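The following exercises concern burial, packing and pocket lining in a single protein chain. Each task is followed by a worked solution.

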Amino acid sequence: MRIYAGDLGVRDKPDKSPVTDADHASEAIIVAGLRRLTPGTPIVAEEEMAAGRVPVIGDGPFWLVDPLDGTKEFIKRNGEFTVNIALIENGRPTLGIVLAPASDTLWRGAASLGADKSEKSGAFAAIAVRTPPDDGLTCCASRSHAVYSDLDIWFRREGLTVIDRIQAGSSLKFCLIAEGKADIYPRFGPTNEWDTAAGQGVLEAAGGEVVTTDGRPLAYGKPNFSNPHFIARSRAFR
């Protein structure tokens, strides 16, 4: 937040996506902390990956870290950016932590333990997905990547009625579904595993699911850590 209030240090990575001083500062703190907590557990972190430092994850658990998810939103200073940390076990996110620093809101979820939320460093309150309203769904879309024509075509093909849309940056979309403020988030563009794992961990702990377009659970530890298209939702709508 100190960097957010001053000089962001914006530059382009080799893939032409933006990065700021906050991405690197956040990642350094998180990676050092995780190495103290879980020595020997591999850490896959976005900026480490961008620098070519790719850990060998093997068959055991590993961490996925996005130190600043929503860099474009951070640069716009619209507050819609998050810090994402997830633990992956057997290809699934069993622990997810999502922090929205601008609003001081923290979501967390763990397999079999449920999900909760804290605002302004206050007490945690349990959250859960809702039963979608009978009159239709509330859809989340990425603020920087929303292509409503593609979404409209998909919703019609699936026979789903959407009555409201929420545009939001970063992994906030998963959290909106997890706390019962939205119902579905289809993503038909490129993402990496560190973009989605923490949000998926929170959403699944709150009773939702994240599946590929053919209905399989979105799994982790894939080649190049790249995701296929997916649908995050409060439940299956069939």
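Helices (H or I, at least four residues) and strands (E, at least two) are taken as DSSP runs and numbered from the N terminus. The model is predicted.

**Exercise 1.** Determine which elements supply the lining of the second largest pocket, and describe its residues.

Solution. Step one: at least two lining residues come from each of α1 (21-37) and β4 (62-69). Step two: α1 gives the most, with five residues. Step three: the lining comprises 15 residues, and M1, A22, S26, V83 and P101 lie nearest the pocket centre. Step four: by class, 13 are nonpolar, one is polar and one is charged. The pocket holds about 250 Å³ of space.

**Exercise 2.** Establish whether strand β10 (residues 137-142) is enclosed or open, and identify its pairing.

Solution. Buried means under 20% relative accessible area. In a regular strand the side chains alternate between the two faces of the sheet. On one side of β10, L137, C139 and A141 are buried, and on the other T138, C140 and S142 are buried. Six of the six residues are therefore buried, so β10 is largely enclosed by the rest of the structure. Six bridges join β10 to the parallel strand β11 (residues 162-168); within β11, R165 is the bridge partner of C139.

**Exercise 3.** Locate the nonpolar cores.

Solution. The largest has 35 residues, with V44, F62, L64 and W107 making the most contacts inside it. Elements supplying at least two residues each include β4, α5 (172-178) and α6 (193-205). Apart from this core lies another of eleven residues, among them A141, L151, W154 and L160.

Methods. Residues numbered from 1 in each chain as written. Predicted model: local features only at pLDDT ≥ 70, side-chain atom pairs only at ≥ 80, totals over all residues. Heavy atoms only, no water. Buried < 20%, exposed > 50% of the residue type's maximum accessible area, 1.4 Å probe, protein only. Pairing = 2+ DSSP bridges. 1 Å grid on protein atoms, 1.4 Å probe; cavity = no way out; pocket = protein on both sides within 12 Å on 5 of 7 lines; lining within 4 Å. Points joined across faces, edges and corners; volume = space filled by probe spheres on them. Nonpolar A, V, L, I, M, F, W, Y, C, P; charged D, E, K, R; others polar. Core = buried A, V, L, I, M, F, W, Y, C linked by side-chain atoms within 4.5 Å.
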